[in-house]
Amino acid sequence: MEKLAALFNDIFVRDNSDDAPIPLKIVFGGKRRKALEYSKVTMRPLMLGDKLLYQAEYTYPKKVTHTNLEARDAAALALSLVKDDFKQINIFMADKEIQVLASKPANPRITSKKTAVPSAASACMPALSHNKTKNYIIPDGTPCDFLIELGVMGKDGKVFPRAYSKFRQINRYLEIVDDVFEYLPKGRMLRIIDFGCGKAYLTFALYHYLKKIKDRDVEIIGLDLKEDVIKFCSDVAARLGYDELKFLMGDIADYTNDSADMVVTLHACDTATDYALINAVKWGTKVILSVPCCQHELFGQMKNDLHQPILKYGILKDRLTEYLTDGLRGLKLESCGYDVAMIEFTGLEHTARNIMIKAVKSRPQKSRMDKAQEQYEALCEFYHVTPTIDKLK
């Protein structure tokens, strides 16, 4: 374990010089034992005030937890994770990537290679090490073509104060995309559909991330009902030279296609979310990112004698309708072979519709899929509801 101890000491335990290298992201994967509850641990630098910490993110089947650590504690945790839990570690620095293969922790294989295209996290280095601000994938102060074109930042790269909440939302979205990037197919063009794209801030961000940061061939289609919105987005894409980003006018429920590697639906209203999910599953889509909105369908259906004293209050019934609708969507996706997590998309100060359904196609045991379907049916019966997502078979 001496090699690993020395490696993590070099990475985490650094002096206070701004020039000292900081790891941008460390991913622990390849479980040593099937019974391990979490499937992955990701560590990132984090500034709290003027203090550099490291945040460890534990990915469970249905939740994500975080803990913040000082440098020496982070080094100790990293060593423990390799010893007890994981066999493979990928360390992303500003100019290189380090891979550790440790089937035998006492004799690990450590390789390093220069990064031809800077990793997404590398963009955060100036902000993290000099300005002591949050580490954004797209940093404030560095000109970014689509953000300039959409009026989020000036030509000098500085974000306009009035647009800062949108800037944070874009970066939060890209953090989520960065976490699921490894599950997307490799070695070929990626095909992505964004249902209900609106003015497409996040669609442009997704294209920028995949094409310019990750250097992937990609085709993205943004779909919306409003003709003026589609024209606006198409004109912006043309001015930017985003040739593989197309915008089409159409209804999610009527859209037909044959494939998509990722389906995105952000604030698609009411049952539009369901039709997007149904299409995604039909196509065998690998990654689904969905932020539902306006979950009204079940409000008029929901009946339950036990909960009637609560349901008589309209505002409480409305909130319960939202949670029930999205919970049923999650269970239905699980019954179709997806690993599902409900995560916070943005802070409540930006929008009340801040829950994202993150689903990744996996190979779960049939018993897990059957259990999710049984739970889905039991909840539908308990509340006397028949949601649109029930069409997903």
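The accessible surface of the chain comes to about 18900 Å², and 52% of that surface belongs to carbon and sulfur atoms. The model is a predicted one, and its chain holds 11 helices and 14 strands. The points below move from the whole chain to one helix and then to two single residues.

**The chain as a whole**

- A compact globule of 393 residues would have a radius of gyration near 21 Å, and because the chain has 22 Å, its value agrees with that expectation.
- When the C-alpha trace of the chain is laid along its principal axes, it spans about 60 × 50 × 40 Å.
- Of the 393 residues in the chain, 51% count as buried.
- Among the contacts in the chain with a separation of 6 or more, 65% are accounted for by residues that lie 24 or more positions apart.
- The chain carries 57 positive and 52 negative charges, and the mean positions of these two groups are 4 Å apart.

**Helix α8 and its surroundings**

- Helix α8, which runs over residues 272–282, is mostly covered, since eight of its 11 residues are buried.
- The buried residues of α8 include the polar-named pair Thr273 and Asp274 as well as Ala276, Leu277 and Ile278, and the list continues with Asn279, Ala280 and Val281.
- These buried residues of α8 pack against four strands, namely β8 (190–195), β11 (262–269), β12 (287–293) and β13 (338–344), and also against helix α10.
- Just after α8 in the chain comes Gly284, which takes a positive phi of about 70°.

**Asp179 in helix α5**

- Asp179 has its place in helix α5, which covers residues 164–180.
- Asp179 counts as buried because its relative accessible area is 12%, and the cut-off for a buried residue is under 20%.
- The side chains of Asp179 and Arg44 are joined by a polar contact of 2.5 Å.
- If residues up to four places away in sequence are not counted, Asp179 touches Lys40, Arg44 and Glu57.

**Gly327 in helix α10**

- Gly327 is found in helix α10, which covers residues 314–335, and α10 is one of the elements against which the buried residues of α8 pack.
- Gly327 counts as partly exposed because its relative accessibility is 29%, which falls between the limits of 20% for buried and 50% for exposed.
- Gly327 and Gln55 are 272 residues apart in sequence, and from C-alpha to C-alpha they are 28 Å apart in space.

Terms used: Residues are numbered from 1 along each chain as its sequence is written. This is a predicted model: local features need pLDDT of at least 70, side-chain atom pairs count only at pLDDT 80 or more; totals for chains, interfaces and linings use all residues. Side-chain values use heavy atoms; hydrogens and water are left out. Helices (H or I, at least four residues) and strands (E, at least two) are DSSP runs, numbered from the N terminus. The radius of gyration is taken over C-alpha atoms; the globule rule is 2.2 Å times the number of residues to the power 0.38. Buried means under 20% relative accessible area, exposed over 50%, partly exposed in between (1.4 Å probe, protein chains only). Contact means heavy atoms within 4.5 Å. Accessible areas come from the Shrake-Rupley method with a 1.4 Å probe; for residues, only the protein chains shown count as cover. Lys and Arg count as positive and Asp and Glu as negative; His and the chain ends are not counted. The place of a charge is taken as NZ of Lys, CZ of Arg, CG of Asp or CD of Glu. A polar contact is a pair of N or O atoms within 3.5 Å; within protein, one must be able to donate a hydrogen and the other to accept it, and residues adjacent in sequence count only if both atoms are side-chain atoms.
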